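Please read these notes with the structure open beside you. Each numbered point takes up one part of the chain.

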Amino acid sequence: MTQAAPAAGENGDVLTFKVGGEALSLPAGDIAEIIRLRAVTRVPHGPAALLGVTNLRGAVLPVVSLAGLLGRPIAAPEPSSRIVVTGNGRAVGLLVDEVSALTKPRGERGLDLTALLARDFSALRQKAVTIAVERGHAADAEAVAEDELVLIGFGLAGQDYALPLDKVIEVRALPGSVSDVPGTDKAMVGVTDWRGSLLPLVSLNFLLGLPAGAAGGDKSRVVVTRVGGALVGLVVDEMKAILRVPRDAIDPVPPILTRGKGEARIEAICRLEGGRRLVSVLAPARLFDNETAARILADAEGGAAQMTHTESAEGKVEQFVVFRLGDEHYGLPILSVDEIVRRPDRLTRVPRAPAFVEGVMNLRGKIVPVINQRQRFSIAGDAAWHGLRIVIVTIDGLQAGFVVDAVSEVIGIPARDLKRTPELTADGAQLFDRVANIESEGRMILLIDPKELLDRAERDVLAAMTAEVAPAS
C-alpha cells in the first residue's frame, strides 16, 4: 500500500512524521510516496544507518534509518513504521516510526535531507537501470583459458559426475511443486514450472543405471540443460563443486567401459588430486541416445513444445554462483570463480595473519589463503562446520578462498533482471556492483564485483604471507 505525495512546492505543505518520539518534517515536494515495510536485503560494509536495499517496482531502493542518520540508536521497526520515499532525483527510502500528516508547518523540526545524507551517503544516487550484459560476458570470456575446461560437479549415488559449464543453463533446488505425468517411464520425475513454461524433470540416477538417490531431499538439485531443441531438468542428489581443470587432465573413457548400460553415457574422465579423485564427465546428447530416453522426450514433448528459447525470449542471460552467508544470498559471476571446494578438515594457521584469515590450504600443491567471509561481512554466529564451502577466486594474480555457509545454486539471470546498485558509501566503494532483482520470484540477490572482494584486505600482506608458508603435509 502506498500514498502518493503532492507535487513539489504545492501550498508549502510538509510531511510530518515521528522518530524516537520527536515530531519531524520534510517538504512535501521532496516526497515521492510512502510505503509499508517490506523485505530488505542487508548490504555488508554499508554505513551504519543503511538498513539495506529493497525492490520498488523493479528499481533498487536504498532504505536508510532516519534515526541512524540523526545519530540515534536504531530500533527494530514497529507495525506503525513506514518507509518515506524521497524524490528530486535521489530515490532513498527513509524508515520512520510513523507518518503523522500532510499539513502546513506547525513548528515541527524541519530536516535538510541533503545535509543529512552528505556525511555517509555523499555518493548516493539512483542507478536502477538495466545493464548491458555483454560487458560481463566479455570479461568472463577472457577468464577462461583455451587449455581449461569449466565443469559443474554434482553427486549421484555417492559418486562424482560433472557436465561442462557451456551445457548447463542453471542449477536450482528441486522445486516443492512437481506434477506427475501418468504412464511415463520410471526415469520421468514429473514436470514443473520454469520461467512460465513446463520443464520435464528426469532422474539422472535412473538414466545412468545407478541406485535411486535422495530425490526431494534438501540437497537435491535440478541441472537445467538443453537436449536438441528441448530444455530438460536433470535431477541429481547434490551439487558438489565448480571445477576449472586443464584439458590435459581429462581423458577419454577406456573402451572397456563403453559397453555397460550406464557407463556408455560417460564422455570423459577428469583426473583430480594427482589421479586420486576421478570425476565422470557427461554429455547431455549422449544421455538421451537410447530407447528409454527417446520415450522420455516423447512423453515430455507437450511441455517442451511450450518452452521458449531462453536467450531469444529473455535476451542475454548471465550465469552466477549463488552462495549463502547467514540469512542472505550473494552472487558471483560464474566465470570469475576458479572452483568451489569443501572446507578441508585442517587449515594451517599463520602467525600474525590478519584476523579475517582463518589459515591457508593446499590446493593441488598451491598455497591458498582462506578468508572468513562471515567475519568480513559482519555476520553474527557460526555456521555448521560440516556444510561449509570455499569459493576460490583469483584477484589481480592472487588466488584466495572465501568460506561461505553453502553454495545454493547456479542461476541464469536475464539482462532485464540485472540492475546497477546505488552507490552506498561516501567514498564510492562498490563491493556490490549489481543486483539481481527477480520480481517473478520475489527476491533480490546482491552481486559481487570479484575485483572488489579484497579491497578491504591487504593483498600484498596476503601474497607475502602465502609465499612464506610451506605446503601443508
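1. Strands β14 and β15 (residues 197-203) are paired antiparallel, with six bridges between them. Please keep in mind that this is a predicted model. Within the pair, Met188 has Val202 of β15 as its bridge partner.

2. The turn of this hairpin deserves a look. Two residues lie between β14 and β15, and Arg195 has a positive phi near 55° there.

3. Is strand β14 mostly covered or mostly open? β14 spans residues 188-194, and five of its seven residues are buried, which makes the strand mostly covered.

4. Now turn to Glu22, which belongs to strand β3, residues 22-27. Its relative accessible area is 25%. Buried would require a value under 20% and exposed a value over 50%, so Glu22 is classed as partly exposed.

5. Which residues does Glu22 touch, once those up to four places away in sequence are set aside? They are Phe17, Arg72 and Arg109. Arg109 is 87 residues from Glu22 in sequence, yet the C-alpha atoms of Glu22 and Arg109 are 8.4 Å apart in space.

6. Further along the chain there is an open sheet of five strands. Reading across the sheet, the order is β24-β27-β28-β26-β25, and the pairing is mixed. The edges are formed by β24 (337-342) and β25 (357-363); each has a single partner strand, so one side of each has no neighbour in the sheet. On average, neighbouring strands here are turned by 30° against each other, with direction ignored.

7. Inside this sheet, β27 (residues 389-395) and β28 (residues 398-404) run antiparallel and are joined by seven bridges. Val391 is placed opposite Phe402 of β28.

8. How many cavities of 30 Å³ or more are counted? The count is three. The second largest has a volume of about 40 Å³. Its lining consists of Phe323, Leu332, Gln373, Val391, Val393, Phe402, Val404, Ile448 and Leu453. Strands β27 and β28 are the elements that give two or more residues to this lining. Val391 and Phe402, the facing residues of point 7, are both among the lining residues.

9. What is the make-up of the lining of the second largest cavity in nonpolar, polar and charged residues? Eight are nonpolar, one is polar and none is charged. The polar one is Gln373, because glutamine is in neither the nonpolar nor the charged group.

Conventions. Residues numbered from 1 in each chain as written. Predicted model: local features only at pLDDT ≥ 70, side-chain atom pairs only at ≥ 80, totals over all residues. Heavy atoms only, no water. Pairing = 2+ DSSP bridges. Helix = DSSP H or I, 4+ residues; strand = E, 2+ residues; numbered from the N terminus. Axes fitted to C-alpha atoms, helices over the stretch in contact; angles between N-to-C directions. Buried < 20%, exposed > 50% of the residue type's maximum accessible area, 1.4 Å probe, protein only. Contact = heavy atoms within 4.5 Å. 1 Å grid on protein atoms, 1.4 Å probe; cavity = no way out; pocket = protein on both sides within 12 Å on 5 of 7 lines; lining within 4 Å. Points joined across faces, edges and corners; volume = space filled by probe spheres on them.
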